[in-house]
Amino acid sequence: MAIRGFSRSKLPIFASVFLRGLTRRPIRDIPLPVKSKITGFQPDSSRPICGFRPYHDGRPRGPLWRSRKAIGKEALFVIQGLKRFKEDEEKLQKFMKSHVSRLLKLDMISVLGELERQEEVALAVKIFRLIQKQDWYKPDVFMYKDLIIALAGSKKMDDAMELWESMRKEDLFPDSQTYTEVIRGFLRYGSPSDAMNIYEDMKKSPDPPDELPFRILLKGLLPHPLLRNKVKQDFEELFPDQNVYDPPEEIFGLR
């Protein structure tokens, strides 16, 4: 009876106090996560607040999801098969005839782009050569550009220059970024003479020259003062308002 009397008399008071506290400040106005005033203790933001968990639809987040979402299931199967048989040329050719050649246009282009992203450049070249044999193929400078840059980044300069010649035969001209990456690739490859050949070709390009490939050459040709001075003179003529930093010669042994 005492407990029942207490609950009847106190319950309205507790309810009114609780409701009055809710109306003072909406929950949504409280900044989260709440910083604790107790030294050495901070609440874990990854744990659910008041029993509620943030909504998650089960899909992975980030670039991986976006790239996988744009690629069809059949294209993903082909990519896995190509990587599985890449060490066996006979099985690889059979797989390409039985699966890759049957892909639709968008799937085949997606396979090419994904192989470039994964730095499987040897497989990417094979796919590109297959694309060139399709009825729907039209010369595309951007398709050449992405593959040449991927090859240059992997130091496969012989394959890059083979595609370079193929691109020129199709009356396509590289842009400044392609020139930059090929020049950078030859310098990494240890072939400054080939880098200078690309540089001379760049000066004949119908597009106006960009500053970046000049600066890459100026840095990469430090052990070759004669070649560097030639590039420096051209740079000062084309960009008279820009400065060229010349490091102390004794650092590089250029006396």
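This is a short tour of a predicted model, with a selection to make at each stop.

**The whole chain**

Start with the full protein chain, coloured by secondary structure. The chain has 13 helices and zero strands, so no arrows should appear under the DSSP assignment used here. Of its 255 residues, 31% are buried. Next, show the surface. The exposed area is about 18,000 Å², and carbon and sulfur atoms supply 56% of that area. Among contacts between residues at least 6 apart in sequence, 55% join residues at least 24 apart.

**Two annotated repeats**

Select residues 140–174, then residues 175–209. An unreviewed UniProt entry lists both spans as "repeat: PPR". In the model, residues 140–174 are 74% helix and 0% strand, with end C-alpha atoms 11 Å apart. Residues 175–209 are also 74% helix and 0% strand, and the end C-alpha atoms of that span are 9 Å apart.

**Two loops**

Select Lys-155, in the loop between α7 and α8. The phi angle of Lys-155 is near 65 degrees, a positive value in a residue other than glycine. Is Lys-155 buried, partly exposed or exposed? Its relative accessibility is 45%, so Lys-155 counts as partly exposed.

Move on to Asp-171, in the loop between α8 and α9. Asp-171 is another residue other than glycine with a positive phi, here near 60 degrees. Asp-171 counts as exposed because its relative accessibility is 62%, and the cut-off for exposed is over 50%.

**Helix α9**

Now select residues 176–189, which make up helix α9. How far apart are the end C-alpha atoms of this helix? At 1.5 Å a residue, its 14 residues should span 20 Å, and the end C-alpha atoms are indeed 20 Å apart.

Within α9, highlight Thr-178, Tyr-179, Thr-180, Val-182, Ile-183, Gly-185 and Phe-186, which are the buried residues of the helix. An α-helix has 3.6 residues a turn, so residues three or four places apart point the same way. To see what covers the buried residues of α9, show helices α7 (141–153), α8 (157–169), α10 (192–203) and α11 (211–220), which are included in the cover. Just after α9, click on Gly-190, where phi is positive, at about 85 degrees.

**The aromatic cluster**

The structure holds eight aromatic pairs. Show the side chains of Tyr-199 and Phe-214 to see one of them. Their ring centres are 5.5 Å apart and their planes stand at 90 degrees, so the pair is edge-to-face. Tyr-199 belongs to helix α10 and Phe-214 to helix α11, so the pair ties together parts that are 15 residues apart in sequence. Tyr-199 has 0% relative accessibility and therefore counts as buried. Phe-214, also at 0%, counts as buried too.

Add Phe-235 to the selection. Phe-214 and Phe-235 form a tilted pair, with 6.0 Å from centre to centre and 50 degrees between the planes. Phe-235 lies in helix α12 (residues 225–238), so its pair with Phe-214 of helix α11 ties together parts 21 residues apart in sequence. Phe-235 is buried, with a relative accessible area of 0%. Finally, add Phe-239: Tyr-199, Phe-214, Phe-235 and Phe-239 form one aromatic cluster.

**Last stop**

Select Arg-84 and Phe-85. Arg-84 lies over the face of Phe-85, at 5.5 Å from the ring centre.

Methods
Residues are numbered from 1 along each chain as its sequence is written. This is a predicted model: local features need pLDDT of at least 70, side-chain atom pairs count only at pLDDT 80 or more; totals for chains, interfaces and linings use all residues. Side-chain values use heavy atoms; hydrogens and water are left out. Helices (H or I, at least four residues) and strands (E, at least two) are DSSP runs, numbered from the N terminus. The expected span of a helix is 1.5 Å times one less than its number of residues. Buried means under 20% relative accessible area, exposed over 50%, partly exposed in between (1.4 Å probe, protein chains only). Contact means heavy atoms within 4.5 Å. Rings of Phe, Tyr and Trp (its six-membered ring) pair if their centres lie within 6.5 Å; planes under 30 degrees apart count as stacked, over 60 as edge-to-face and the rest as tilted. A charge sits over a ring if NZ of Lys or CZ of Arg is within 6 Å of the ring centre and within 35 degrees of the ring normal. UniProt positions are given in the numbering used here, feature names are shortened, and annotations may be inferred rather than shown by experiment. Accessible areas come from the Shrake-Rupley method with a 1.4 Å probe; for residues, only the protein chains shown count as cover.
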